[in-house]
Structure formats: C-alpha cells, structure tokens
Amino acid sequence: MTKVSYITLLFLLVTIPCKSQQIETGVQGGLGNYSMTDLKELNEIVVRLTPFDTKMVHDFPAYFYYRPFILLKLKKISFGLVYTFQSTGSRISARDYSGEYLLDMVVNSSGPGIYDEIVLYGHNNIHYSFYSTFGALFSNLKMKESLVVNDESQTDEKFKFKSFNYYLEAGLKISYSYQFLDFGFNAGFQIQAGDGSFRYSENEDVKLINTENNNPVRPEWNGFRAGLSISYRFPQSSKLPLNP
Amino acid sequence: MNFNHIWSSAKDYLFTLVLLFLIVLLSNSCEFEPHKIYERTVNEDVSAPEIQVVELNLDYDTIFLYGSKQIRFSFVSSDQEILAVRFTIDGNEEYLIKNNNGIFELDYRIYTNGIHDMVLEVYTASGSGSIAEHLGMEGFLFSKSWVLYIDQNYSFNVKSTISDGFLKLYWNRYRGYDFKEYVVYRTGWGTDKELARLKSGFFIDNTYVGEKARYDVEVITDNGTIIPWGFLELEKDLPKLHFIISESNKYIVKWNKSKYYNAVDSFRLSLATYKGFTNSTNKAINEPDDTTYIVPTSYFGNRIDVTLRVVPKNSFQYMPGYYSLFESYLESVVVGFSFGTRNKGVTDISQVSPDEFMYITGSDSLVRYSVTQKQIVEKYGYQPIGCTMGCFTRFKVSPSGKYLTTYVDCDHEVMLANSGNLLNHTIRDLKSLSGFMYIPEIPVSDKGLVIINNSNGGFYLYNFNTDSTIAYYNKDIFTLQGLSISMNGDYILLLHDSLRLVHYINSEFINIWSHSRFNEPAFYEFDGKDSGRFVIWNGSILSVKQCLDFSTDYEFPLSDEKILDIDYYNNKILTWSAGHLYVRNFTDGSLLHDVTYTLYPGFWYNSCRLVGNAIICMQGVIYFLEEN
C-alpha cells in the first residue's frame, strides 16, 4: 500500500464519530483557471510551424474541477481528506474542403490531499471560514494529432505523458447550514509545487521537450478556484456544533 | 452511546464512503473535451492558370539523342505560382526542381538504346489556399511528352567500303532536326586535315591507297554545336607481298592488285640485304596493274628484305616521314629454292648418294634429302635426355657418303649409321679410346672402320661393326691427327710431322706420300667413288692420284679461288671465284655452269655443295642447274 493509502485508512478510522464530533461529507465543484504556460508555448510553436494557417480554438481555458471530501468537524475546526479532479485542454484546428488538421491536448490531474477549515465567524447558520488544502498532483497529458487530406489520413498519432507534483490551495468559504446539510461557496488560489515534467507513459526516460528552448514541459495548475459545495453532516444532533 | 446509536452512525458512515467513491468516479469522467473547429476560408473554385514558355530548347516532338543534352527551360504562370518542374523518362523521375526555371542535364549514357518516353511536368499551386495546396497535394499539372530516341553506338557507325577503286566512308544518318552538315577529317600521324563538309552520309576519299589511317566525322548543328559523330581507324590494307620461286631459278616478288587502284599512282619496290644495311635495288613501277618483280638470280643465297611502297596520286600525307604508312614488307627471305626446315638452321651438308645429301637441322635431326624428288626422304630425330646440348655433333661422312659418324646424347657416345637407312645404326661409347673430355671428329670408311683420335696423341683404327681395335698409330714428338680414311679403310690421311698418306696393310702403316704440314695443299681428299684414288689441288693444278703409289691418273689446270665440293658420282666439281660458283667437269675442268654468287663461301654459313644438278647452300636453298 502506498503512503497515501495508509494515511487515508488512518483518517477513516479516526473519523469514526464519537459523541462530540460530526462527520461532514460532500462534494465541491467549481471553476478553475490553469496557467499551463509550457503547454501554451508548445502550441504556439506548432501553430507557427504548420504550413497552413491554423487557430488555437481552445487554449487551456478555465474549466470545472470536482472535489469530494470527508471531514471531521470539531467545533470550529474541520479537517479531513479531499480528492480533487481538474482538467483543461487545448485544440489547434484547421479544416477546409480538402482536409482537416487537429492537435488536441487534454490535461487532467488527480489530487488526493488534506483539507482543513477554520470557522472565523458565524451567525444565524451562516459561517465564514478559512480553508486550505495540500496534496499530491498526478497529472496526465493526452495528445492527439491527426491530419486528413483528400479523405486520406496522413497523420494519426496519440501520445500520453505523466507528471507528478504537489499543490497547495487556500481561500475563504462562506456556508449556510440547514438541518443536516451545509451549502457553501468558496474562493481560493491553487499553487503547484515541484518541477515534475511530463514523461512519456510508455518510457519514462522520454521527456516532453520544448524544441525551441530544449526545456522540459511541465503542467502548471496555478490559478484561481471558485466553487459551490454541498455537504451532509452526521450523526445528526439537535444542537448544531458550536460555531463562533 | 448505545448500540442503536453506534449502528446508525456506522450506516451513515458507510453510506458516506460509498457516496464519495461514486463522486470520485463521476468527477473523473467529467474531463475537458475540445470541441471547437476552425473552418478555414478558402476559394474552392479557382480556374487554372496559363503557362507561358519563356525558354525550352526542345523544338520537336522527337528528340534524337547522340550525346548529353542540356534542356534549358523557363516558364511563367499567369496566376498561380509555379511550384516545381519535373522530367520523367519512362515513368521514372529524372529531374525535379522547385522553381520555374532550370537546366536538365540529360545524360544519354544511363539509358538503353532505343525509344523512350520523356515527360515534362509543370506544377502550379491551386490558388485555393487549402490545406492540401499548402502540403503540395493539390495544384494544377501541365505536362508535355516527347519521344526520346537514344543511340549510344553512333561512334562506331562510320564504316568503309571500296567504290570504283576508291575508299568510301559511310555512316548512319544524324536524325536530329538541328542538322546542318557533316565534317570529315583525316587525323593522326601528323595530320589533322579537314577533307570535306557535306550533307550526305558518305564520302569518297580519292587520296587513300590503303595506308594506315584514321578518319573522324563530326556533325555540326544549326546552332554550331559540334557532335563527334564517329571515327574509323583503318589498318594497313596495302597489297600483300609474296615470294614465288620456280625450279628454273626464277625468283619473283608478287603482290595483289591494290584495292584502291584508282588512287594509286605507282609503286616503289626496294630489295635490301643484310637487314637494310645494303640497299641493293630500288625500282619504280609506274603501271599499277603490274604486280610482279623478278628478283635477279644474283641474289641467290642472299637473305633479303622486300619493301613495296604504294605511291598515291594525290595525298597530303605521303611524305618521307610517313612513308612507312604506305609500305608493305616481306622480310628475311632467302633467295633460292628452300629445302631446309623453317626457322631451323642447316649445318653439315654432305652428299650421301648420287641424288641425295644429308644435313643436320636444329641440331636434333638428321635429314636426307632427294634433289630430284625435291623433298626430304628420311628424317631421324634424336632428343637427348638430361641435357640441353645439341644432339648431333661432329658429323662426318665416309668419302662415298654411305656411312656417317656423329656424337649423340649428353655423354657423347658415337653413332655409326648407314646414310641410306638411318634406323640402321649402332651407338658405342668410345671415350676409352678418345679420352673423356675429347670429342674429335670420327672419320669413317664404307667398311665400318673408323679413326679415333686420342687426346694424348695418336689414333686408333677401330672396327665399329665388331667393336674391336685394329691398330694404334702412336705419336712421337709431333701431334698426330687422323684426318680421313678411304672408302675401303686401307688408306689413311693423317697430319703428323707432315701431311701423310699412309697405307694400312698387314697390321702396318706404310707411308705413301708426305707433304709439309705448314704448306698444305689447297684441297685434298679421298675419291668418293674409287677407293684407291686421292684428289689433290695445289691451287692451280687438280690431280687425281692412285693411292697405292701416288701416281697421277690425270690432272688439269684449275685456277679458281676455292674448290667447294666434288660430286664423284656425277663427275662434277664445284668451285668459286670472284662472285661466281662454277660447276666444272671433274675429268677435264671444263666449265659446265656459271652461277652468280655474291656471298663469300669461305664462311661455313655461306658454303655450298654440289649434288647432281643442284648447288646446295648452307642458307637452306638450292640452285637447280640446267641439264647440259
């Protein structure tokens, strides 16, 4: 078992609720923007070198992220495990009557991490909190290039790359409690740590390189995150946890 | 906390975990997917451009290629850009340039002879701006094809024949449309002369008479390009010389009529002896139809070189420095009727019968030749084993010629043979009598008696037939040499303190005649027909003596310089004096024949013998005498 699995198992055991605690579980979903500077440079090179004019119709836009979580609530503090899945991508496209060219890049990351939240202020079931989370980032890049001219495929290539890094995200959250449900809105910023670059999935010795500067290409998940969440608390008690 | 509370919390907890797991799975499936497409703006309906030829040096639909050709081209397009120009031959790309102009070096040598298909293709952009156009997969193609006729062997096209006594050159026609004219050159041997410019495919050279020559033909095209069209190297085709000898001593140099008789003015014939050191005769023959020259009989016995030079009526190359081109030769011909074996020397000619003589040829063959039959009647070869020395040495015949002795083999054993049947011979080792390192001539009689001179002096009288020593003639203070023995073996001529004729009788040597050894007679020998006679010539009187008492049978004056031979069977004598061979009557010395002989017969290789009506000379030739 990996280190992460041990930590998860330990957390699950300790979060078995006792009388003064509650378990909060839910899912957060939102929009994140991702800088992806290296991959954008790579796309610019492709656009520049292609003999016909192309357009980058997707350039790693802000896209949804999903974050299920399970927390142990102790009065003002909650902490627990989160899993973050985020993705974005790009497309260089050109199409006319004679053929079509596509270069798609789809990059995603799976990020198991530790989440904590401190209630800063609460009034009438509305709570203002500070949250932070950190964890691992397992990034995947899927590249697909195809060229069809006069109904004949000239190129049809697919590549997969992988990368490993860390992340840290912090922000503010406002939540509203209704019976055993909590509804929240959060806003924060995620920073990627580590310099793990993309390596070819079938041969990790092969790196994805920017051919103009010979630098390895990395994912860059840095960016703002804003999302909504819904969570469920149990066991239910008639009395809400003590909030400031 | 009671059990119900715990169970309720556990259920919620498990439910929560399952729910989270499902959420994780679902969230992973909500991945970003690119979906937009950029539709490029292109013009699909573009009309084809017009291609204008600025330069293309291919004027005709058929190209006759006799050498490498530069195809220069330049095109412009009315609209779309010219992307590339391509040449294919038989479907294979031979030239591609991504430009609208260029030079295609068409190397004819890489193609096979015959007809090929050459296509020119001009590619332009389509003008649509499409992806396919940008990738070179869409455009307009303009093409034109030519028939390519390749002839790599034209250089060998120039051939020759003879037309009405002149050399006629002809060649394959140059088929290119740019033909202007042919130029014919005579080249080589100091000559590089233009003979003619013409449009026809043949040329008659009225200067050529068969000499070694080279002709070059060039093609001149309309634009002045010179194409080497071929050449022809002619070896000498001069009249061949033949040497014809008749039995009547006519020696004729003959040659065939010149093939180029209409170009021939005359002939110059020269005879040279001693390989050109002496130019004996130069003769102009002005009538081309005259193809014979009779060699004077005075050349009998001489080794001559014959040169025939063809003089052209009109030739710029006929100059002293190049006379050899016009000459044919007959070299090293011995004038006379040949009897010897070609390329083998002849030595030791001796008469062995009224009609036959014997000689050694090549040191390894004894040959008996019949004068009347004019052919070899017997040949006996002997190849020694273990050494390379000549086989037959110290050849000697008896006075009549019926028997002969010679050393054979490497260890110098002596062979006695009947000259009438060489297979009838006996070989003996006589070194015990002669000495081991001494190989003197072995004089022999018709009875098988031989004289064996000993290395210590003295000689043995030895019966070869019985292998027995009969007598020994001892020397005293003078050296002793047995010179010859008479037919019957009873008289011996020896050189001791004096030249002596001795009679061996009753086991004793009895002196008959003696003469100063320091002033020997000019000629002396035993008679070859009468065993009891001895012939002696003192330079002015020839005497025939009786051996028994040395009395004179008869004598007559003879003042020639040399007696070369006496044919006792036919009663003739051969003498030489002042460039003439004389055949005289042996009875009275009267002249029977006079033959011019310019060589000195005192040298063994020029000496001659007389056998019946033939003079046999060491050069391997016979002079036949007319019957008197």
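In chain B of this predicted model, strands β32, β33 and β34 form an open sheet in that order, with antiparallel pairing. The edges of this sheet are β32 (449-453) and β34 (468-473) of chain B, each of which pairs on one side only. Averaged over the sheet and with direction ignored, neighbouring strands are turned by 25° against each other. Strand β33 of chain B, residues 459-463, is joined to β34(B) by five bridges, and the two run antiparallel. One residue pair fixes the register for the reader: B:Tyr460 has B:Tyr472 of β34(B) as its bridge partner. In general terms, the strands of a sheet pair through backbone hydrogen bonds, in either a parallel or an antiparallel manner.

A second open sheet of chain B contains four strands in the order β28-β29-β30-β31, again with antiparallel pairing. Its edges are occupied by β28 (393-397) and β31 (421-428) of chain B; each has a single partner strand, so one side of each is left without a neighbour in the sheet. Here the average turn between neighbouring strands, direction ignored, is 20°. Strand β30 of chain B, residues 413-418, runs antiparallel to β31(B) and is joined to it by five bridges. Within this pairing, B:Leu416 stands opposite B:Thr426 of β31(B).

A further pairing in chain B involves strand β24 (residues 346-351) and strand β25 (residues 356-361), which run antiparallel and are joined by four bridges. The two strands β24(B) and β25(B) form a hairpin, with four residues between them. The bridge partner of B:Gln351 in β25(B) is B:Phe357.

These elements belong to a chain with three helices and 49 strands. Chain B has 628 residues, of which 34% count as buried. Among the contacts in chain B between residues at least 6 apart in sequence, 52% join residues at least 24 apart.

Attention now passes to chain A, beginning with its strand β1. Nine of the 11 residues of β1(A) are buried, and the strand is thus described as mostly covered. β1(A) pairs with β3(A) in the antiparallel sense over 11 bridges, and within that pairing A:Gly30 stands opposite A:Tyr65 of β3(A). β1(A) is also joined by 10 bridges to strand β11 of chain A, residues 223-234, and these two run antiparallel. In this second pairing, A:Glu24 has A:Arg233 of β11(A) as its bridge partner. As a general point, side chains in a regular strand alternate between the two faces of the sheet.

How does the length of helix α2 of chain A accord with its number of residues? The helix comprises residues 37-49, and at 1.5 Å a residue its 13 residues should span 18 Å; its end C-alpha atoms are 19 Å apart, which agrees. The buried residues of α2(A) are A:Leu39, A:Leu42 and A:Asn43. They cover an arc of only 100° around the axis, which puts them on the same side of α2(A). An α-helix has 3.6 residues a turn, so residues three or four places apart point the same way. The buried residues of α2(A) pack against β2, β4 and β5 of chain A.

A single residue, A:Asn186, gives a closer view of the interior of chain A. A:Asn186 lies in strand β8 of chain A, residues 181-193. Why does A:Asn186 count as buried? There are 21 other C-beta atoms within 10 Å, and the criterion for a buried residue is 20 or more. Leaving aside residues up to four places away in sequence, A:Asn186 touches A:Gln28, A:Tyr131, A:Gly171, A:Leu172, A:Lys173, A:Gly227 and A:Ser229. A:Ala226 is 40 residues from A:Asn186 along the chain, yet the C-alpha atoms of the two are separated by 5.6 Å.

The two chains remain to be considered together. Their contact takes 40 residues from chain A and 30 residues from chain B. On the side of chain A that touches chain B, at least two residues each are supplied by β1 (22-32), β2 (55-59), β3 (63-74), β4 (77-96) and β5 (99-123) of chain A. The largest share of that side, 11 residues, comes from β4(A). By residue class, the side of chain A that touches chain B divides into 21 nonpolar, 12 polar and seven charged residues.

Definitions and conventions. Residues are numbered from 1 along each chain as its sequence is written. Chains are lettered from A and ligands numbered from 1 in the order in which they are written. This is a predicted model: local features need pLDDT of at least 70, side-chain atom pairs count only at pLDDT 80 or more; totals for chains, interfaces and linings use all residues. Two residues are in contact if their C-beta atoms, placed from the backbone, lie within 7 Å. Ala, Val, Leu, Ile, Met, Phe, Trp, Tyr, Cys and Pro count as nonpolar, Asp, Glu, Lys and Arg as charged, and the others, Gly among them, as polar. Two strands pair if DSSP finds at least two bridges between them. Axes are lines fitted to C-alpha atoms, for helices over the stretch in contact, and angles run from 0 to 180 degrees between N-to-C directions. A residue is buried if 20 or more other C-beta atoms lie within 10 Å of its own, exposed if 12 or fewer, and partly exposed in between; C-beta atoms are placed from the backbone. The expected span of a helix is 1.5 Å times one less than its number of residues. The arc is that of the directions from the helix axis to the C-beta atoms.
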